[in-house]
Amino acid sequence: MTLILAIESSCDETACAIVRDGKELLSNIVTTQISVHTLYGGVVPEVASRIHVENISVVIEEALKEAKVTMDDIDAIAYTQGPGLIGSLHVGVQAAKTLAFAFHKPLLPIHHITGHIYANAYVADLKYPMMALVVSGGHTELVWMKSDWCFEVIGTTQDDAIGEAYDKVARVMELGYPGGPKIDKLAKDGTYAYKLPKPKTSNPYDFSFSGLKSAVLQLVDREHRNGREVIPADLACSFQETALGLLVEKTVKAVEEYKPKMLVLAGGVAANSRLRELMTEKMATVEGCELVIPPLRCCTDNAAMIGAAAYIAYQHGCFGDFEASADPGLDMPYEE
Ligand code: KG4
Ligand code: ZN
């Protein structure tokens, strides 16, 4: 039995989880700063790191208490090393190193995106080869996994991440932060009334969302200048259908070419109800590939997902040392 204490602090959630054998969640404590950042219309890095400092020891203490374990029971300490906001990451890294030093435990530095992918281990027995569509505030990636703990990014965004595009469009529509869930909800009452461009990329699996985002901003501006009202639900629906259409189309194409046994969705935008619906619909026509959509609680940032990935890293002997520091531009691990 392996008991891992996992810490996540890459953006605006301070979280700690205790995970047994990568799948059994003994506790999962998350404190979100959304209410504070909403006041500014987005995450303010300086404010985020300060709140992490205030919350980190509280979430660790809570996680141990709820799991009814002590530091003596813990086999390893996992933390998000990157990518993310440097000041936010530092808080989790320092907390993990301090615990490891004080209690003589090994460290497991984890890539945030591997955490999002392995969050699916809580709901399915992962099958390889596997394709993962990672869609979050900072990432839009198609990751091909020939085997466990082997990550090859076959497509990525050329500019904005999809969650970032959702947040920026929501901002111009004055819907508040985070924009994804707001657009998701509003789009249900709208129709695909505004024609928006579908940005093209030279690599068929790459993504691009900044042209689409700019088109929305220009449309709002143009309508206002001409004294016309923009219908918010129709705009939300048009943006969402265009963005998700691209995402689903490229993912299905990649699945047809690479032929994985399983396709998993990961990241905050995987919480989107229309994405879940569209992907289910389209994947029903693809034979031999099982679709796994994580439950909502597994989509946005948490430490349970870091614990799940850390269990695999532990089995592969991917331990860190006290020299390792936070790395906002960390690459995904690649192993043959
Ligand atoms: O994975 P996550 O919690 O943090 C990052 O690693 O970035 O993702 C946050 C992103 C935000 O951009 C948020 O607007 C988006 O996920 N998001 C959604 C939905 N729920 C969260 N986007 C679209 N539809 C949703 N329902
Ligand atoms: Zn994330």
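Two strands count as paired if DSSP finds at least two bridges between them. The exercises below concern a predicted model.

**Exercise 1. The hairpin**

Determine in which sense strands S2 and S3 pair, and describe the turn that links them.

Solution.
Step 1. Strand S2 covers residues 13–20 and strand S3 covers residues 24–32.
Step 2. Between these strands there are 8 bridges, and the pairing is antiparallel. The criterion of at least two bridges is therefore met.
Step 3. For one bridge, take threonine 14: its partner in S3 is threonine 31.
Step 4. S2 and S3 form a hairpin, with 3 residues between the strands. In the turn, aspartate 21 has a positive phi of about 50°.

**Exercise 2. The zinc site**

Identify the residues that coordinate the zinc ion (ligand 2), and explain which parts of the chain histidine 116 and aspartate 301 tie together.

Solution.
Step 1. The donors are NE2 of His112, NE2 of His116 and OD of Asp301, at 2.0 to 2.1 Å from the zinc ion (ligand 2).
Step 2. The spacing of these donor residues in sequence is H-x3-H-x184-D.
Step 3. Histidine 116 belongs to helix H4, whereas aspartate 301 sits in the loop between helix H10 (296–299) and helix H11 (304–315), so the pair joins parts that are 185 residues apart in sequence.
Step 4. For burial, the cut-off is under 20% relative accessible area. Histidine 116 and aspartate 301 are both buried.

**Exercise 3. The largest pocket**

State the volume of the largest pocket and analyse its lining by position, element and class.

Solution.
Step 1. The volume is about 1000 Å³.
Step 2. The lining has 36 residues, and those nearest the pocket centre are Cys11, Gly137, Gly138, Asp167 and Tyr177.
Step 3. At least two lining residues come from each of helix H4 (112–118), helix H5 (162–172) and helix H6 (179–187). H5 contributes the most, with 6 residues.
Step 4. By class, the lining of the largest pocket holds 13 nonpolar, 15 polar and 8 charged residues.

**Exercise 4. The second largest pocket**

Give the volume of the second largest pocket and list the residues that line it. Then find which helix gives the most to this lining.

Solution.
Step 1. The second largest pocket has a volume of about 150 Å³.
Step 2. Its lining consists of Ile56, Ser57, Ile60, Glu61, Leu64, Met71, Ala95, Thr98 and Leu99.
Step 3. Helix H2 (45–67) and helix H3 (86–103) are the elements that supply two or more of the lining residues. H2 gives the most, with 5 residues.
Step 4. The class count for this lining is 6 nonpolar, 2 polar and 1 charged.

Technical notes
Residues are numbered from 1 along each chain as its sequence is written. Chains are lettered from A and ligands numbered from 1 in the order in which they are written. This is a predicted model: local features need pLDDT of at least 70, side-chain atom pairs count only at pLDDT 80 or more; totals for chains, interfaces and linings use all residues. Side-chain values use heavy atoms; hydrogens and water are left out. Helices (H or I, at least four residues) and strands (E, at least two) are DSSP runs, numbered from the N terminus. On a 1 Å grid over the protein atoms alone, a cavity is a set of points where a 1.4 Å probe fits but cannot get out, and a pocket is an open set with protein on both sides within 12 Å along at least five of seven lines; lining residues have an atom within 4 Å of a point. Grid points are joined across faces, edges and corners, and a volume is the space filled by probe spheres set on the points. Ala, Val, Leu, Ile, Met, Phe, Trp, Tyr, Cys and Pro count as nonpolar, Asp, Glu, Lys and Arg as charged, and the others, Gly among them, as polar. Donors are N, O and S atoms within 2.8 Å of the metal (3.2 Å for Na, K and Ca); water is not among the atoms, so sites may look incomplete. Buried means under 20% relative accessible area, exposed over 50%, partly exposed in between (1.4 Å probe, protein chains only).
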